[in-house]
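Student: Can you take me through a structure? I'd like to ask things as they come up.

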Amino acid sequence: MADLYGHLPRGPAGVLRAAKWSMLGLRAAWLHESSFRLEVCMFLVLGPLGWYMGGSGVERVLLIGSCLLVMAMELMNSSMEAVIERYGAEHHPLAGRAKDMGSAAVFVLMMNVVLVWALLLLPRYL
């Protein structure tokens, strides 16, 4: 039975459908977004390195998780850009601002990766 908003209970089948849609989104990002592909390749290097270099579970989560956040934000940025492009390629100041802000959000999380890795690993090796 649906709730007040018309949402049906999810259950195992709903979770599987959501997982399928997520995989479709990851596939679309891989096929259409060169920045996402680059970030995945960087993660394939930094993920295992973070696991190896992390001195504790918390350090590993911080090192690896900071990289995952960049990819998640890239997915959000790419989805926003796709919606903007859906409505036309003509330049609009608000569309340009939205795209720039999405790019800036990815950049801020990349700086977070640098900060986390530097603060956790530099003191150990200097």
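Tutor: What follows goes over the model's confidence, its overall make-up, its pockets and its rings.

Student: Okay. What is the average pLDDT of the protein?

Tutor: This is a predicted model, and its pLDDT averages 92. Of the residues, 97% score at least 70.

Student: Which helix has the lowest mean pLDDT, and which the highest?

Tutor: Among the elements, helix α1, residues 11–32, has the lowest mean at 91. Helix α2, residues 34–53, has the highest at 97.

Student: How many helices and strands are there?

Tutor: There are four helices and zero strands. Read from the N terminus, the order is α-α-α-α.

Student: And what is the radius of gyration of the protein?

Tutor: The protein has 19 Å, while a compact globule of 126 residues would be near 14 Å. The C-alpha trace spans about 55 × 45 × 30 Å along its principal axes.

Student: Switching to pockets. How much space lies in the largest pocket?

Tutor: About 290 Å³. The lining has 14 residues, and those closest to the pocket's centre are Met-42, Leu-46, Val-70, Met-110 and Val-113.

Student: Which helices supply at least two residues of that lining?

Tutor: Helices α2, α3 (57–86) and α4 (93–125) each do. The largest share is from α2, with seven residues.

Student: How does that lining divide into nonpolar, polar and charged?

Tutor: It has 12 nonpolar residues, one polar and one charged.

Student: What about the second largest pocket, what volume does it have?

Tutor: Its volume is about 150 Å³. Helices α3 and α4 are the elements that give two or more residues to its lining, and α4 gives the most, with three.

Student: Which residues line the second largest pocket?

Tutor: Among them are Ile-84, Glu-85, Tyr-87, Gly-88, His-91, His-92 and Lys-99. By class, this lining has four nonpolar, four polar and three charged residues.

Student: New topic, rings. How many aromatic pairs does a search of the whole structure find?

Tutor: Zero.

Student: Then which charged ends sit over a ring?

Tutor: The charged end of Arg-60 sits over the ring of Trp-51, 4.6 Å from the ring's centre. The charged end of Arg-86 sits over the ring of Tyr-87, and there the distance to the centre is 5.4 Å.

Student: I've heard Tyr-87 mentioned already. Which pocket does Tyr-87 line?

Tutor: Tyr-87 lines the second largest pocket. So Tyr-87 turns up twice here, in that lining and under the charged end of Arg-86, by the rule for a charge over a ring.

Notes:
Residues numbered from 1 in each chain as written. Predicted model: local features only at pLDDT ≥ 70, side-chain atom pairs only at ≥ 80, totals over all residues. Heavy atoms only, no water. pLDDT = per-residue confidence, 0-100. Phe/Tyr/Trp six-rings, centres within 6.5 Å; stacked < 30°, edge-to-face > 60°. Lys NZ or Arg CZ within 6 Å of the ring centre and 35° of its normal. 1 Å grid on protein atoms, 1.4 Å probe; cavity = no way out; pocket = protein on both sides within 12 Å on 5 of 7 lines; lining within 4 Å. Points joined across faces, edges and corners; volume = space filled by probe spheres on them. Nonpolar A, V, L, I, M, F, W, Y, C, P; charged D, E, K, R; others polar. Rg over C-alpha atoms; globule rule 2.2 N^0.38 Å.
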